[in-house]
Amino acid sequence: MVGKPDRDGDPAVHYPLLTVANGQIAATIQRVNYDYPAWAETLEQEGVDRIFIEPSRTGDWTTGASSLPPQQRHQQPA
């Protein structure tokens, strides 16, 4: 599944491609470049919160469990 950029400062997304030949498995990472400025603009027009849009522009994610306060990182949903 290709969904969001890695946390590497590159807004492109990536996916693994596994190939099998003669009993050998090879893995490569495929880079998918897309019009991320236009996608971010579309998200803005749809009213998506900025915290979810900026990573599409920058390739740096700030959301997820690691961005929560420590006391909230391991709580189970109610």
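A nonpolar patch here is built from residues with over 30% relative accessible area and no salt bridge, with nonpolar side chains joined within 5 Å. Keep that in mind for the opening stop, and remember throughout that you're looking at a predicted model.

**Stop one: the nonpolar patch**

Select Leu 18, Val 20 and Ile 25. These three make up a nonpolar patch on the surface, and together they have about 350 Å² of accessible area. Now click on Ile 25 alone. You'll find Ile 25 in strand β2, and its relative accessibility of 64% makes it exposed.

**Stop two: the loop between β1 and β2**

Next, pick Asn 22. It sits in the loop that runs between β1 and β2. Is Asn 22 buried or exposed? It counts as exposed, at 82% relative accessibility. Have a look at the backbone while you're there: phi is positive at Asn 22, about 55 degrees, even though the residue is not a glycine. For background, most residues other than glycine have a negative phi.

**Stop three: Asp 10 and Arg 31**

Move on to Asp 10, in the segment before β1. With a relative accessible area of 18%, Asp 10 is buried, because the cut-off for buried is under 20%. Show its side chain and see what it touches. One partner is the backbone nitrogen of Ala 12, which the Asp 10 side chain reaches at 3.0 Å.

Which residue forms a salt bridge with Asp 10? Add Arg 31 to your selection: the closest N and O atoms of this pair are 2.8 Å apart. The pair bridges quite a stretch of chain, since Arg 31 lies in strand β2 (residues 24-32) and Asp 10 in the segment before β1 (13-21), so parts that are 21 residues apart in sequence are tied together. The contact also shows up as a polar one, joining the two side chains of Asp 10 and Arg 31 at 2.8 Å. Unlike buried Asp 10, Arg 31 is partly exposed, with a relative accessible area of 48%.

**Stop four: across the two helices**

As a reminder before the next selection, side chains of opposite charge can pair when their charged atoms come close. Select Glu 44 and Arg 57. They form a salt bridge, and their closest N and O atoms are 3.1 Å apart. This one links distant parts of the chain: Glu 44 belongs to helix α1 (residues 36-45) and Arg 57 to helix α2 (residues 50-58), with their positions 13 residues apart in sequence. How accessible is each partner? Glu 44 is partly exposed at 33% relative accessibility, and Arg 57 is partly exposed at 27%.

**Stop five: along helix α2**

Stay with helix α2 and pick Arg 50 and Glu 54. Here is another salt bridge, with 3.5 Å between the closest N and O atoms. Why is the spacing handy to picture? The two are four residues apart in helix α2, so about one helical turn separates Arg 50 from Glu 54. Arg 50 counts as exposed, at 53% relative accessibility, whereas Glu 54 is partly exposed with a relative accessible area of 23%.

**Last stop: the network**

Finally, put Glu 44, Arg 50, Glu 54 and Arg 57 on screen together. These residues are linked in a network of salt bridges. How many salt bridges does the count come to? The count is four.

Definitions and conventions: Residues numbered from 1 in each chain as written. Predicted model: local features only at pLDDT ≥ 70, side-chain atom pairs only at ≥ 80, totals over all residues. Heavy atoms only, no water. Salt bridge = Lys/Arg side-chain N within 4 Å of Asp/Glu carboxyl O. Buried < 20%, exposed > 50% of the residue type's maximum accessible area, 1.4 Å probe, protein only. Polar contact = N/O pair within 3.5 Å; in protein donor to acceptor, adjacent residues only side chain to side chain. Patch = residues over 30% accessible without salt bridge, like charges linked within 9 Å, V, L, I, M, F, W, Y side chains within 5 Å. Areas by Shrake-Rupley, 256 points an atom, 1.4 Å probe, with all protein chains shown as cover.
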